[in-house]
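Dear colleague,

I am passing on a structure for you to look through, and below it you will find my notes on what was found.

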Amino acid sequence: MKLMLWNLCILELFVFWCVFSEKGLLLPASKLPGQKMFREFLLLGMEEKMGQDESYMQMAMELAELGRGWTAPNPVVGAVLVREGRIIGQGYHERCGEAHAERRALADCRNRGESPAGATLYVTLEPCCHHGKTPPCTDAVLEAGISRVVVGAKDINPLVGGKGIAILRARGVKVTEGVLREECEKQNRIFFHYIREHTPYVRMKYAMTLDGKIAAAGGNARWITGEAARTQVHRMRHELSAVMVGAGTVAVDNPKLNCRLPQARNPIRIICDTTLRTPIESYVVQTAKEQRTIFASCTKNKERIAAYESLGCEVVTVSECRGRVCLNELMRELGAREIDSILLEGGGELNWAALRSGIVNEAYIYIAPKLLGGAAAKTPVAGSGMDSPEHGFFLKNRTLAVIGEDICITGEINYKKSEVERDVYGNY
Ligand SMILES: NC(=O)c1ccc[n+]([C@@H]2O[C@H](COP(=O)([O-])OP(=O)(O)OC[C@H]3O[C@@H](n4cnc5c(N)ncnc54)[C@H](OP(=O)(O)O)[C@@H]3O)[C@@H](O)[C@H]2O)c1
């Protein structure tokens, strides 16, 4: 028995690797040979440790991850159909505008020659009940004769907001809510933030040395961290809708700000540039027709704006706050353009302004085992700074991981009102 459990553990580790490896995250499940079978086999081991509902929900969550990067501004959602202890269908929301996870699982079930009637549907997010880009999933569930639905998180979208569950119950379907709710909510924290605030979820990321430098004294930042950390950052560029930097970083680095992983998508580029000083010859301007590029500016100089627009850039004009781009107004503008998430890869100036404006939700901080020195070398958060350590921005729910030769610390920014100057930056 012990040997069998040990074998299952090894198998689980292998399958976990298959599902979460760089390739697994970026490839649609259908393109991963044998993945379905492995995931179903994996449950044999999981059920012994978790309750049955939890283990099927865990599997639905893993399926949901396969859609990450492709579904925005929709959530990532996974679904599993089970009858008499057997998985008879599975699916996930693959792309915005395409079928939802529930319909994919039902289609998979029929493709296997199985009938979904009387089955239990596990789904990470409450089924929708409105006509959006696709018809309501509640209709599909009812038509298929599903007898029980197990839901992870409630959908806070006002168009759903518990109505999906209510419709199913009213039609005699047994509904169990809140299985792995916290995990499912965390998985879709970008979606929940976007629905609630109508502004993008912002992840600030930077790489620094052990002595807190993000570039050498002359400005050269290539490369602070090793390859494994840089690959992770490219994955984030695929997973989040947009990447944002300041004009200072473009001036020094002339960056590409694309995603260089196979079968991944490029993020939208956002450059905060108060006066449109970025050279027309820069890489981001010259390639704007291939990769959507937005300049956030305060200039009213029509000729300058036209020069960028003629090369395919979009120019979003916002008010000035302390002489620079008003970040809160910008977030509202970007939210209205359905940009649900941003990877903030700014230098110290933009990072400080973003923190001070209260727009940063979480931080990914990479620390390389190097010392660079140089009093003039840039640091990750600059600006005027806080007047006392007690006023520092504090990270809660922290994690720490070793990524290749580097360390990565993550955490959510725990804002206290005193740290945020939204009134100053024109926000409250
Ligand atoms: N290691 C890393 O993770 C990393 C990441 C990024 C950059 N870097 C390095 O950082 C250095 C550049 O640092 P930086 O601080 O100059 O770059 P930055 O923060 O990307 O850019 C700052 C510029 O952005 C513009 N901006 C527009 N709106 C702003 C606002 N609301 N608040 C602040 N700035 C705003 C300002 O120029 P205007 O006033 O002209 O608009 C400002 O000078 C480079 O050496 C680069 O290599 C390192």
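**Helix 4, the chain as a whole, and one helix pair**

Helix 4 is mostly covered, with ten of its 14 residues counted as buried; please keep in mind throughout that this is a predicted model. The buried residues of helix 4 are S55, Y56, M57, Q58, M59, A60, M61, E62, L63 and A64, so that charged E62 and polar Q58 appear in that list beside nonpolar residues such as L63. As for its length, helix 4 spans residues 52-65 and reaches 20 Å from its first C-alpha to its last, which is close to the 20 Å expected at 1.5 Å a residue.

For the wider setting, the protein chain has 428 residues, of which 44% count as buried, and its secondary structure comes to 15 helices and 16 strands. If one takes the contacts between residues at least 6 apart in sequence, 70% of them join residues at least 24 apart.

The other point concerns helix 5 (residues 101-111) and helix 6 (residues 137-144), whose axes come within 9 Å and cross at roughly 30°. Because angles under 35 degrees count as roughly parallel, helix 5 and helix 6 are therefore roughly parallel to each other, and helix 5 passes helix 6 in a left-handed crossing. On the side of helix 5 the contact is made by E102, R103 and L106, while helix 6 contributes C137, A140, V141 and A144. By class, the residues of this contact divide into five nonpolar, no polar and two charged.

With best regards

Notes: Residues numbered from 1 in each chain as written. Predicted model: local features only at pLDDT ≥ 70, side-chain atom pairs only at ≥ 80, totals over all residues. Axes fitted to C-alpha atoms, helices over the stretch in contact; angles between N-to-C directions. Helix = DSSP H or I, 4+ residues; strand = E, 2+ residues; numbered from the N terminus. Parallel < 35°, antiparallel > 145°, perpendicular 65-115°, else oblique. Left-handed = near helix turned anticlockwise from the far one by under 90°. Contact = placed C-beta atoms within 7 Å. Expected span 1.5 Å × (residues − 1). Buried ≥ 20, exposed ≤ 12 C-beta atoms within 10 Å, placed from the backbone.
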